[in-house]
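Colleague: I'm still new to reading protein models, so could you take me slowly through one spot and then show me what lies around it? Here is the one I have open.

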Amino acid sequence: MNEHSGGHEHWETFFQDRQEMWGWQPAPSAQRAHDVFLSKNVKSVLIPGIGYGRNAQVFVDSGMDVTGIEISSTAIDIAQKHFGNRVTMYLGSVTDMPYDDKSYDGIFCYALIHLLDTDERKKLIQDCYHQLNDGGTMIFVAITKDAPTYGKGQKVGEDRYELHEGIKMYFYDLDSVEREFDAFGLQSVELITEQFPFYFITCTK
Ligand SMILES: C[S@@+](CC[C@H](N)C(=O)[O-])C[C@H]1O[C@@H](n2cnc3c(N)ncnc32)[C@H](O)[C@@H]1O
């Protein structure tokens, strides 16, 4: 597998060392995305950058058909032990999407898009939109410039910094959210503070 700006080796080592480090409680924004999806009668969900699946559980519990894409094989192993065949997992980078020819009612992408460079972010948004059913909803959770880490470390691009080796992060503001998502059904942007200040970005098709 190639080295991607998402830092394949970093994430593989990360999950080898720390395993289920975030536990199995979903992030608050996963719960929120779940509630949005439930209200829209979503039956199938794609989760790019699914990790070991802590955010997949809420969707599975509501009977939604969940598919994940993940770059770390260790994270996939943990997910497969936990979910068995209840979740379909593809090993690889989201930069190589699509992995199937299905379309989905809902897409939930948590804390992944800001790890990508400009072209990769653009391609991810396009690829997700392309795999969304008409009437479907895609939700991205992305770090904002209000994060204390914004501007720290080595500058590697406009609003993009490498604080930890191999991990480059792009920090969004409302202008960049609009610039990147407007052509892809942008409906709303809300601030949601979890371990970082995040934007909860909702798009519909
Ligand atoms: C900050 S973590 C969030 C994990 C997960 N969404 C969660 O909250 O449990 C980012 C995740 O994206 C994965 N990742 C990073 N770059 C990736 C890429 N280019 N393609 C697919 N997955 C990637 C990492 O291995 C990691 O699981």
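Colleague: Which residues does Ala142 touch, not counting residues up to four places away in sequence?

Modeller: Happy to! Please keep in mind throughout that this is a predicted model. Leaving out residues up to four places away in sequence, Ala142 touches Ile113, His114, Tyr172, Phe198, Tyr199 and Ile201. Try clicking on those six in turn.

Now let's step back a little. Ala142 is one of the residues with the most contacts inside the largest nonpolar core, along with Val45 and Phe108. That core has 53 residues. Strand E5, residues 132-143, gives the most to this core, with 7 residues.

Next, look for E5 among its neighbours. An open sheet of 7 strands runs in the order E3-E2-E1-E4-E5-E10-E9, so to speak from one edge to the other, and its pairing is mixed. Find E5 in that order and you will see E4 on one side and E10 on the other. The edge strands are E3 and E9 (186-193), each of which pairs on one side only. From one strand to the next, the twist averages 15 degrees. If you wonder what holds such an arrangement together, strands of a sheet pair through backbone hydrogen bonds, either parallel or antiparallel.

Val45, which we met in the core, gives you another landmark: Val45 stands opposite Gly106 in E4. The two strands involved here are E1 (residues 44-48) and E4 (residues 104-110), which pair in the parallel sense over 2 bridges.

Now follow the sheet towards its E3 edge. Helix H4 packs on the sheet there, touching E2 and E3, and the direction of H4 makes about 165 degrees with that of E3. Within H4 (residues 73-83), Ala75, Ile76 and Ala79 are buried. Seen down the axis of H4, the buried residues fall within an arc of 100 degrees, so they line one face of the helix. Here is a handy rule to remember: an α-helix has 3.6 residues a turn, so residues three or four places apart point the same way. What covers the buried residues of H4 includes helix H1 (8-18), strand E2 (65-70) and strand E3 (87-91). After H4 comes Gly84, whose phi is positive, near 60 degrees.

Before you close the viewer, have a look at another sheet. This open sheet has 3 strands in the order E6-E7-E8, with antiparallel pairing. Its edge strands are E6 and E8 (167-170), each pairing on one side only. Neighbouring strands are turned by 40 degrees against each other on average, ignoring direction. Between E6 (residues 154-157) and E7 (residues 160-164) there are 3 bridges, while E7 and E8 pair over 4 bridges.

Arg160 is a good residue to stop at: Gly157 stands opposite Arg160 in E7, and Arg160 stands opposite Tyr170 in E8. Further along, Glu162 stands opposite Lys168 in E8. Each hairpin has 2 residues between its strands: in the hairpin of E6 and E7, Asp159 takes a positive phi near 60 degrees, and in the hairpin of E7 and E8, Gly166 takes a positive phi near 85 degrees.

Definitions and conventions:
Residues numbered from 1 in each chain as written. Predicted model: local features only at pLDDT ≥ 70, side-chain atom pairs only at ≥ 80, totals over all residues. Pairing = 2+ DSSP bridges. Core = buried A, V, L, I, M, F, W, Y, C linked by C-beta atoms within 7 Å. Buried ≥ 20, exposed ≤ 12 C-beta atoms within 10 Å, placed from the backbone. Contact = placed C-beta atoms within 7 Å. Axes fitted to C-alpha atoms, helices over the stretch in contact; angles between N-to-C directions. Arc of directions from axis to C-beta.
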